[in-house]
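Please open the structure in a viewer and keep the selection panel at hand. The stops below proceed from one selection to the next.

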Amino acid sequence: MSVSIPWIRLLPTFLCALNATPAFGKLTWGTTEFLFAFGDSYTTDGFNISAGVDSPVPGFTSSNGPNWVNFLGGTYNQTDIKIFDLASGGATIDGTLVPPFMPTVLSIVDQVSQFKQILATKPAGARWDSSNSLFAFWIGINDIGNSFGWSNITGHEPAFYTKLLSRLETQLEILYGEGARSFLFLTVPPTNRAPLFLQQGSKVVTRLHSLITNYNAQLATLVKNFGTKHKDLDQVTVFDTQPIFNTLLDNANALGFVNATGFCDAYQNGTPEKTTQIKPCAPVSSYLTFDEILGFFEGAPSVLTADERYHTTSNTTRKPGQFDKHLHNCLRLKRVAKLPGLLEDLLNNAMHALSSYEKDLPVPNTRFPFVQDVILTSKTHRRDIHKEIDVQTAYETGVADFCATVAATLEFQLSEWSPNCLQWSAARLCNKDIPGVRRDQALADGFLNMSEKGSKRHLVHSTPRERLILDTFPVIAIWEFKNLNFDTSMGQGSLKARADIFHEMLNGFLDSVFPWKECEKGDNCAVVHWKIGTSACPMGNNAVHSSCQSYDNARKLGLSLPERPPTGYESGSKHSARDILQQAWTEALVHDCTFLVINAGNVEIIGMRDRLTQTLYLSDVFLVNDSRYPYFQLHTGLYVSAIRDAQDRAESIVLRKEIPDTWYLRSGLDCDKIMDLSQPEFKVKKVSANMRISQCTD
């Protein structure tokens, strides 16, 4: 079948199942050090254990690229896990019950025998034990398919499946006897929807569906009984593959599959290149495009590592600047709140942008090559980090360039992979002058820009939608970076070190008014800080329809501002957390951005500003290699969300003329007045009526 299996889409749900509270024990994917895989062509990668424990992995798969086991050993490898893939293409549970297509194919019985002979003794290179090892089975596809239509079992298939699964149970008992305590079972996917059976008509498809359902139900019963029998089992999980396969097949066209119901015999054993074409078939790449994007989405940059000789040991941040201290009361941060659904919203928005793309997905180019090249490039700047600017550079070259390209191409329906108007940079790209606005204050470390800069190879061709955003909000998100040693007592060389300041940002100000640092000079401010002057700080509306549902839900609650004064922020982690939040809020405010990101290399938190209530909603604190939140998908979704948010707000200002009082706001020294600094006595001039703020949250 020439449509590649979308392993990369299946894995996040699978890993969530493993990382969830297990039915019988404690092993999670994050604590798994050995994976032993048994199965058929859906699982095999060509590894031959009989050639030795450390023999090479050829990488021969049925998916014309990495399969689920390969991704677990690469993209999702959290603990330097060692994988032994004993699967054999065409395998059945027992070759004496259901013969495989060739006598050389190793059945589950044979694979377990290999394990017992070579790996059960825990040789060098495979020092596994019961507490850190997972035994995975994906079997039954060929048992059902090969026996389908056998006249001697027609009408009695369920009884035959009981016999097959009884044989599987004997193999589980052998592994249990050797010390296996954690098991994963994958159900048979909807192979009734494969071209091989579709071309045989609806009666065959319906009957096969019924048989697969029965087999899977019996498998679930076997696993339940196995767990009941052995009380000392640890993790035992049945992962149902049916929902994800059916979702992808039901939405094949929208998701970018060129052909989800046919096949090309010429590609059944793989191709030497991803662009190979054997006529009359379409190029094999046309069957792979969607997997390429999903492969990118499910990837993550490698963990940043510090240069131990030269890396800064600073774990402090700058104090609030004079610009921050003199902000108008209507602009200041008043409340911090949790938004636990934000990360899921960003992930969903990336998938929505992909499913909404109305054309055939563009072929890979220099801006977005094949996913393996993207992952390789993203790792180039991840080592020997010296200081904060290296963290910034690593993000720009290893994450932002790709996410901007994918987000812009999908969201603006571009015909080739190109960032077009959307560019991430360490500097604000738009030189548009806003009267009264000083752009040398509250400078962020990174900007997601709507820009006309372009390049010789990728010229900007802005659509009316892009032009609207560019003219109104040229910066749509900001980043504040910290160095690798910032926050964690052990540095981020140990990702288990608690990021105390990040957690204080999230939890330290939930029940109190945010302790905004004001000017400490009181009545002497006009004399001491006369250079501050005043600056226009136009602030528009919130988006009418936010790009993040959790944000809309939180705003609808209409919570009142807390009244309790803050405590404990005078020193320590909470003090630093206050300074960072004030800094990041001000940097976002200067450009009227909704989204802000605070990143310390391997740990991050994402925020959204509510202008009306002066609230900062924060995501959970997460690590960039957290498999629950695939980083490339997350940040592509962030860019897409920022675009949609900026468009909604631009339409409010430009098209509907819904202009709030804060659009004309001035801030700075004596923020309700303008100081005539030409006079020695600093004579006060009243602000004209249209510059006053009639409403402000107290």
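Select strand S8, residues 446–450, in this predicted model. Five of its five residues are buried, and the strand is thus listed as mostly covered. Colour the two faces separately: Gly 446, Leu 448 and Met 450 lie on one side, while Phe 447 and Asn 449 lie on the other. Both faces are covered, since each of these residues is buried. In a regular strand the side chains alternate between the two faces of the sheet.

Next, add the partners of S8. Strand S7, residues 422–425, runs antiparallel to S8 and is joined to it by four bridges. Within this pairing, Ser 425 stands opposite Phe 447. Strand S9, residues 475–481, also pairs with S8 in the antiparallel sense, over four bridges. Here Trp 479 of S9 is the residue opposite Gly 446.

Now move to helix H3, residues 108–119. What should its twelve residues span at 1.5 Å a residue? The expected value is 16 Å, and the end C-alpha atoms are 15 Å apart, which agrees. Display the side chains of Ile 108, Val 109, Gln 111, Val 112, Gln 114, Phe 115 and Leu 119, which are the buried residues of H3. They pack against strands S1 (34–39), S2 (82–85) and S3 (133–138), and against helix H5 (157–177). An α-helix has 3.6 residues a turn, so residues three or four places apart point the same way.

Centre the view on Phe 115. Leaving aside neighbours within four places in sequence, Phe 115 is in contact with Phe 36, Phe 38, Leu 86, Ala 120, Trp 128, Phe 135, Leu 175 and Glu 178. Phe 115 also belongs to the largest nonpolar core, a set of 73 residues. Phe 38, Phe 115, Phe 135, Phe 137 and Phe 183 touch the most other members of that core. Its largest share, nine residues, comes from helix H7, residues 202–229. A second, separate core contains 66 residues, among them Leu 304, Leu 343, Ala 394 and Cys 548. In soluble globular proteins, nonpolar side chains tend to be buried together.

Select Ala 91, in the loop between S2 and H3. Is this residue buried or exposed? Its relative accessible area is 0%; because buried means under 20%, Ala 91 counts as buried. Beyond neighbours within four places in sequence, Ala 91 is in contact with Gly 39, Asp 40, Val 105, Leu 106, Ser 107, Gln 111, Ile 139 and Asn 142. Gln 111 in this list is one of the buried residues of H3. A distance label between the C-alpha atoms of Ala 91 and Ile 141 should give 8.7 Å, although these residues are 50 apart along the chain.

Zoom out to the whole protein chain. Its secondary structure comes to 19 helices and 17 strands. Of its 698 residues, 55% count as buried. Among contacts between residues at least 6 apart in sequence, 78% join residues at least 24 apart. The chain exposes about 29,400 Å², of which carbon and sulfur atoms supply 52%.

Finally, colour by pLDDT. The chain averages 80, and 76% of the residues score at least 70. Over residues 1–9 the pLDDT is below 50, and this stretch has 41 contacts in the model beyond near neighbours in sequence. Residues 674–695 also stay under 50, with 37 contacts beyond four places in sequence. Where pLDDT is low, the predicted coordinates should not be read in detail.

Definitions and conventions: Residues are numbered from 1 along each chain as its sequence is written. Side-chain values use heavy atoms; hydrogens and water are left out. pLDDT is the predictor's confidence in each residue, from 0 to 100. Contact means heavy atoms within 4.5 Å. A nonpolar core is a set of buried Ala, Val, Leu, Ile, Met, Phe, Trp, Tyr and Cys residues joined through side-chain atoms within 4.5 Å. Buried means under 20% relative accessible area, exposed over 50%, partly exposed in between (1.4 Å probe, protein chains only). The expected span of a helix is 1.5 Å times one less than its number of residues. Accessible areas come from the Shrake-Rupley method with a 1.4 Å probe; for residues, only the protein chains shown count as cover. Two strands pair if DSSP finds at least two bridges between them.
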